[in-house]
Amino acid sequence: MKEIMASKITQAVAKMCKQANYQLPNDIKDCLYEAYEQEQYPIAKKTLGILKENLELAYSTQRPICQDTGMACVFVEIGQDVHVIGNLSDAINDGVRQGYQEGYLRKSIVRDPVLDRVNTNDNTPANIHYDIVAGDKLKITVAPKGFGSENMSRIKMMKPSDGIEGVKDFVLETVREAGPNPCPPVVIGVGIGGSFDTVGLLAKKAMLKNAHEHHPDKHYCAIEKELLERVNELGIGPAGFGGHTTALALHIQTAPTHIAGMPVAVAICCHVARKMEVEL
């Protein structure tokens with residue numbers, strides 16, 4: 001049995017909250033730079049150039065890439081042979097609190113969604129998802145999520161008869177209706193299957209995959225490539241100014257579902273697709 005002190009988790013989460021807001025993961029940065037080189041539409045190319053400059057300035061000055069430093073979404077894979085000494089959820093929230101305060105990151109969480117929208121002033125509580133896995137490792141991924149793009153995400157309880165063409169149409173419709181609102185170029189995660197309460201998480205996990213990774217199933221891999229191409233043919237472009245770069249990446253994640261249903265979710269993230277992970 002491997003023992004991990006809660007204080008070590010707090011330190012790791014605090015560091016990740018800051019660094020995730022200061023620098024993009026290499027896969028997303030590489031996609032953005034590739035898009036800049038390939039983009040032919042002058043306004044789109046200029047816009048991508050400004051986004052590149054912003055990324056470089058954020059990294060060199062250790063300041064947030066975006067003013068919306070997001071809700072702290074935390075994904076935890078905890079091995080069955082791991083024992084945390086202390087409360088794991090409290091340790092994560094303490095790390096978020098510490099990271100957002102030390103990093104002078106904007107606090108964006110309100111304590112009640114409707115009746116009493118008072119800011120908690122420390123960006124907690126974090127949105128934490130747990131998966132229990134084999135082994136003695138603890139893997140934590142911190143993915144700050146801005147809500148300009150989060151608000152453009154959608155879930156639809158589709159019928160099995162809608163088939164894969166219905167799924168494709170829903171993805172394209174979601175991106176088309178979102179237009180410039182999610183600050184394109186975007187990163188898209190598509191969840192298919194499960195139930196109403198799990199399909200959104202499937203989509204969010206798909207959105208966090210390495211941008212250069214493809215679905216292991218050749219059929220879904222082909223659908224990912226087709227949808228990314230069709231999304232970029234919509235012509236929304238960087239910041240909605242037109243062009244060929246509406247999305248940088250698109251991934252699909254599936255799960256078994258009931259014979260009577262076909263839940264589908266589309267998670268959209270702006271080009272500031274932040275994520276950082278650590279294994280303890």
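# Pockets, cavities and salt bridges in a predicted model

Student: What volume does the largest pocket have?
Tutor: This is a predicted model, and the number is computed from its atoms. The largest pocket comes out at about 480 Å³.

Student: Which residues sit closest to the centre of that largest pocket?
Tutor: H2, H8 and strand E8 (247–257) each put at least two residues into its lining. The lining has 22 residues, and by class they split into eight nonpolar, eight polar and six charged. Closest to the centre of the largest pocket are Gln 38, Leu 228, Asn 232, Ala 247 and Leu 248.

Student: And the second largest pocket, which element gives the largest share of its lining?
Tutor: That pocket holds about 390 Å³ of space and has 14 lining residues, with Glu 77, Lys 139, Thr 141, Leu 208 and Glu 277 nearest its centre. E2, E5 and strand E10 (276–279) each give two or more residues. The largest share is three residues, and they come from E2.

Student: How many charged residues line the second largest pocket?
Tutor: Go through the lining by class: five residues are nonpolar and two are polar. The charged count is seven.

Student: Now the closed spaces. Which element gives the most to the lining of the largest cavity?
Tutor: There are two cavities of 30 Å³ or more, and the largest has a volume of about 80 Å³. Its lining has 13 residues, with Ala 143, Met 207, Leu 208, Cys 269 and Arg 274 closest to the centre. Strand E2 (71–79), strand E5 (138–145) and helix H7 (196–207) are the elements that supply two or more. With three residues, the top contributor is E5.

Student: How many charged residues does the lining of the largest cavity have?
Tutor: Nine of the lining residues are nonpolar, and none is polar. The charged class has four.

Student: What about the second largest cavity: how many polar residues are in its lining?
Tutor: The second largest cavity has a volume of about 40 Å³. Its lining consists of Val 175, Ala 178, Gly 179, Pro 182, Pro 184, Val 186, Ile 236, Thr 246 and Ile 268. By class there are seven nonpolar residues and no charged ones, and the polar count is two.

Student: On to charge pairs. Which residue forms a salt bridge with Arg 97?
Tutor: Side chains of opposite charge can pair when their charged atoms come close. The structure holds 16 salt bridges, and in this one the N to O distance is 2.7 Å. Arg 97 is in helix H4 (residues 88–102), and its partner is 25 residues away, in the loop between H4 and strand E4 (127–133). That partner is Asp 122.

Student: Is Asp 122 buried or exposed?
Tutor: Arg 97, at 27% relative accessibility, counts as partly exposed. For Asp 122 the relative accessible area is 10%, and the cut-off for buried is under 20%. So Asp 122 is buried.

Student: Which residues are joined into one network by salt bridges that share partners?
Tutor: Start in helix H6 (residues 163–178), where Glu 165 and Lys 168 lie three residues apart, about one turn of the helix, and meet in a salt bridge at 3.2 Å. Lys 168 also meets Glu 226, at 2.9 Å. Glu 226 lies in helix H8 (residues 218–232), so that pair ties together parts 58 residues apart in sequence. The full network is Glu 165, Lys 168, Glu 226 and Arg 230.

Student: Is Lys 168 buried or exposed?
Tutor: Two of its partners are partly exposed: Glu 165 has a relative accessible area of 43%, and Glu 226 is at 27%. Lys 168 has a relative accessibility of 7%, and under 20% means buried. So Lys 168 is buried.

Student: One more residue. Which backbone nitrogen does the side chain of His 215 reach?
Tutor: His 215 lies in the loop between H7 and H8, and it is buried, with a relative accessible area of 13%. Leaving aside neighbours within four places in sequence, His 215 is in contact with Tyr 220, Cys 221, Glu 224, Ile 252 and Thr 254. At 3.0 Å, its side chain reaches the backbone nitrogen of Asp 217.

Definitions and conventions. Residues numbered from 1 in each chain as written. Predicted model: local features only at pLDDT ≥ 70, side-chain atom pairs only at ≥ 80, totals over all residues. Heavy atoms only, no water. Salt bridge = Lys/Arg side-chain N within 4 Å of Asp/Glu carboxyl O. Helix = DSSP H or I, 4+ residues; strand = E, 2+ residues; numbered from the N terminus. Buried < 20%, exposed > 50% of the residue type's maximum accessible area, 1.4 Å probe, protein only. 1 Å grid on protein atoms, 1.4 Å probe; cavity = no way out; pocket = protein on both sides within 12 Å on 5 of 7 lines; lining within 4 Å. Points joined across faces, edges and corners; volume = space filled by probe spheres on them. Nonpolar A, V, L, I, M, F, W, Y, C, P; charged D, E, K, R; others polar. Polar contact = N/O pair within 3.5 Å; in protein donor to acceptor, adjacent residues only side chain to side chain. Contact = heavy atoms within 4.5 Å.
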